Amino acid sequence: MVSNSLLWFRKGLRIHDNPALEHARKDATHLYPVFILDPHFLEPDPTDFSPGSARAGLNRIQFLLESLVDLDSSLRKLGSRLLVFRGEPVEVLFRLLKEWGVKKLCFEYDTEPYYQAMDDRVKDHASALGMEVFSPVSHTLFNPVKIIEKNGGAPPLSYQSFLKIAGKPSPPLSTTISWLPPIGNVEDLEILGIPTIKELGYGDIRQDEFSPFRGGESEALKRLREALNDEEWVASFEKPKGNPSLFLKPATTVLSPYLKFGCLSSRYFYQCLQDVYKKVKRHTLPPVSLAGQLLWREFFYTVAYGTPNFDKMKGNRICKQIPWNDDDELLAAWREARTGYPWIDAIMVQLQRWGWMHHLARHSVACFLTRGDLFIHWEKGRDVFERLLIDSDWAINNGNWLWLSCSSFFYQYNRIYSPISFGKKYDPNGNYIRHFVPVLKDMPKEYIYEPWTAPLTVQTKANCIIGRDYPHPVVAHDSASKECKMKIAEAYELNRKMNGLVSEEDLKGLRRKFEEDQHQVSKSRRQKQKLIS
C-alpha cells in the first residue's frame with residue numbers, strides 16, 4: 001500500500017536529532033521534504049532602514065538560504081532533495097497535501113505565536129482529512145507546555161525555579177540516517193531551486209560587508225567540534241566573563257544562529273557538553289556555564305510561551321509600565337551608529353555588517369538606548385535587533401530586552417554599562433573601534449573612547465574633527481544616566497503604588513511630570529549661565 005509522508009521544514013534545518021524526519025521516513029513509500037518561502041518574512045521592503053524585508057535584514061536572509069542549500073545537499077546524499085515553494089505557507093501546504101495524497105504530515109513544534117496560529121489551522125485541516133499529524137518538540141530541550149503544567153498553569157519567572165521544575169532534558173536521537181524514501185511524482189508542480197538574494201527580488205542591493213558566519217548544519221557541526229576540542233575552555237566558560245571586543249575570533253561559540261534556525265540540535269549540543277564535563281576534573285555550573293546558557297534559552301522560551309503579550313509593554317503582566325521617551329532622532333542616531341560614543345557606535349556597525357555581536361556588547365547598546373542614557377522604549381531596540389541579528393529569536397530577543405531595560409526579570413537599574421569605561425576595560429587600545437569605525441583609526445588611545453575631549457591639534461593630526469568627521473555625543477552620559485535612574489525610580493514607585501495596574505492615563509501623567517522637571521532643570525541651567533556671563 002502506498003504511504004506518502006510530507007516533512008515540512010521551518011526551523012529544524014538539519015538531519016541529526018530530527019524526530020520529525022525520523023517519523024516521516026518510517027513506513028513511507030514516498031517522502032516529500034518541503035520548505036516554503038514565506039512572504040511574511042521574505043517580501044522585499046525598500047522603505048526600511050536597511051536592505052532586506054520588513055522583518056529581516058539581508059544577513060539573516062542570506063544565512064537562511066545558505067542553511068537551505070546545505071540541507072538540500074545533505075538530503076541528496078540520502079537519496080532525496082529539498083522541494084522549495086513560495087507563497088502563503090498554509091495555502092501552499094493544503095495544495096501539496098491534496099496533490100500528493102499525503103497520509104502522514106510531520107513538522108517540528110514551534111512556540112512562537114505566528115507559528116502557533118498557523119499550526120492550529122494545519123492540524124485541523126489535516127485531521128479533518130484523516131491524516132496522521134506528528135509535531136514533536138525538538139527545537140528546545142524541554143516542552144514549555146509541560147513545564148507550565150508542572151508549575152500550576154503559569155510559567156516559572158526565575159531561572160532557579162525553572163531549573164527545579166525542568167529536571168533533565170531528553171537525550172538526542174541516537175539514530176544515524178543512511179537513507180530516505182524516494183520522492184514521488186512532482187512533475188505537475190512548479191518547484192523552485194533555492195533562490196539567491198537577487199532571485200528573491202532584492203535586485204542588486206549591496207551591503208558594505210556580509211556576515212562572516214555561514215549558515216547550515218555542516219557549518220554548525222564544524223563550529224561545535226572546534227569548540228568542544230578545547231575542553232579546558234568549555235569547562236571554564238563563564239558568561240559574565242569574556243571579551244566583547246574580540247571580533248576576528250569571538251570569545252564565545254557563535255552557535256546561537258545555528259540554534260535559532262535549528263541547524264544544530266540543542267539536545268545534541270547539551271549532550272556533547274555533558275560528555276566534556278564528565279572528562280574534566282572540574283567545570284563551571286549553571287547559570288554561567290555553557291550548559292547554563294542553553295538552559296537560559298529554555299527559560300526564556302517557557303516564559304515567552306506562557307505570557308500573553310510577551311513582546312509588548314502594554315498588556316504584559318510581567319513587564320513594568322514605564323513612560324519611555326519617544327524620540328525618533330535619538331533612536332536613529334543609535335540605530336545608525338552616530339551617537340558620538342565610539343564603543344556604542346562600533347557595536348552598532350558590527351550589528352549592521354555582521355548581524356552578530358558578543359552578548360556583553362548587546363548589553364552595552366541595549367542599556368544605552370533604554371535605562372542608561374536615551375530612555376527610549378525597549379520595543380524600539382528590540383525591533384532593530386529582530387531585523388538585523390542573524391540569531392534573532394522571538395522569545396530570547398524579547399526576554400533579553402525586557403531584562404536589559406529593567407522592565408522584567410532584573411531590576412537593579414542603578415547598574416549601568418558605561419559607554420566609555422566598559423569597553424576600555426577590555427580593549428584599552430581601541431582596536432575594536434578602529435576596525436568598525438575607521439574614521440577614528442588614527443585617534444590616540446588616550447582619546448579613542450572620548451574623542452570629543454581630544455585637543456583640536458590631536459583631532460587634526462588624526463584626520464577626525466569632532467562635529468565634522470565624527471559626531472559629538474548625543475547626550476552627556478553622566479547627567480543622562482542620572483536622569484534615567486530618577487525616571488526609572490519614579491516609574492517603579494508608580495507600579496508599586498498601583499500594584500502593577502498602571503493605566504495609560506497614569507503613564508501620561510508621569511510623562512508630563514518628567515517633561516516639567518526637565519523644563520525646570522533647563523530653566524535653572526539658563527539662569528546659571530546668565531549669572532556667569
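Select residues 3-141 to begin: the unreviewed UniProt entry lists this stretch as "domain: Photolyase/cryptochrome alpha/beta". UniProt positions appear in the numbering used here, feature names are shortened, and annotations may be inferred rather than shown by experiment. The model is predicted, so local features need pLDDT of at least 70 and side-chain atom pairs count only at pLDDT 80 or more, whereas totals for chains, interfaces and linings use all residues. Residues are numbered from 1 along each chain as its sequence is written, and side-chain values use heavy atoms, with hydrogens and water left out.

Over residues 3-141 the chain is 42% helix and 19% strand, and the C-alpha atoms at the two ends are 31 Å apart. Helices (H or I, at least four residues) and strands (E, at least two) are DSSP runs, numbered from the N terminus.

**The strands**

Next, select strand β1, residues 4-9, together with β4. The two pair in the parallel sense over five bridges; strands count as paired if DSSP finds at least two bridges between them. Serine 5 has lysine 104 of β4 as its bridge partner.

Is strand β4 largely enclosed or not? Five of the six residues in β4 (residues 102-107) are buried, so the strand is largely enclosed by the rest of the structure. Buried means under 20% relative accessible area, exposed means over 50%, and partly exposed lies in between (1.4 Å probe, protein chains only).

Add strand β5, residues 132-134, which runs parallel to β4 and is joined to it by three bridges. Here cysteine 106 stands opposite phenylalanine 134 of β5.

Then return to β1 and add β2: these strands are parallel and share six bridges. Phenylalanine 9 is partnered by phenylalanine 35 in β2. Seven of the eight residues of β2 (residues 30-37) are buried, so β2 too is largely enclosed by the rest of the structure.

**The nonpolar cores**

Select Leu13, Ile61, Leu273 and Trp334, which touch the most other members of the largest nonpolar core, a set of 140 residues. Such a core consists of buried Ala, Val, Leu, Ile, Met, Phe, Trp, Tyr and Cys residues joined through side-chain atoms within 4.5 Å. Which helix gives the largest share of this core? Helix α13 (residues 290-306) does, with ten residues.

Apart from this core lies another, of 24 residues, including Tyr32, Phe85, Val92 and Phe107.

Now centre the view on leucine 273. Leaving aside residues up to four places away in sequence, leucine 273 touches Leu228, Val234, Leu290, Ala291 and Leu294. Contact means heavy atoms within 4.5 Å.

**Aromatic rings**

The whole structure holds 42 aromatic pairs. Rings of Phe, Tyr and Trp (its six-membered ring) pair if their centres lie within 6.5 Å; planes under 30 degrees apart count as stacked, over 60 as edge-to-face and the rest as tilted.

Select phenylalanine 310 and tryptophan 394, a tilted pair with 6.1 Å between centres and 55 degrees between the planes. This pair links distant parts of the chain, 84 residues apart: phenylalanine 310 is in the loop between α13 and α14 (328-335), and tryptophan 394 is in helix α18 (residues 394-404). Phenylalanine 310 counts as buried because its relative accessibility is 0%, and tryptophan 394 is buried at 16%.

Move on to phenylalanine 385 and tryptophan 401, an edge-to-face pair at 5.0 Å centre to centre and 75 degrees between the planes. Phenylalanine 385 belongs to helix α17 (residues 378-388) and tryptophan 401 to helix α18, 16 residues apart. Their relative accessible areas are 4% for phenylalanine 385 and 2% for tryptophan 401.

For a charge beside rings, select lysine 320. Its charged end sits over the ring of tyrosine 411, 5.2 Å from the centre, and over that of tyrosine 492, 5.0 Å from the centre. A charge sits over a ring if NZ of Lys or CZ of Arg is within 6 Å of the ring centre and within 35 degrees of the ring normal.

**Helices α18 and α17**

Finally, select α18. Eight of its eleven residues are buried, so α18 is largely enclosed by the rest of the structure. Which helices do these buried residues pack against? They pack against α5 (113-128), α13, α14, α16 (359-372) and α17. Just after α18, cysteine 406 takes a positive phi of about 60 degrees.

In α17, the buried residues include Trp378, Gly381 and Arg382. Their cover includes α3 (58-77), α14, α15 (342-354), α16 and α18.
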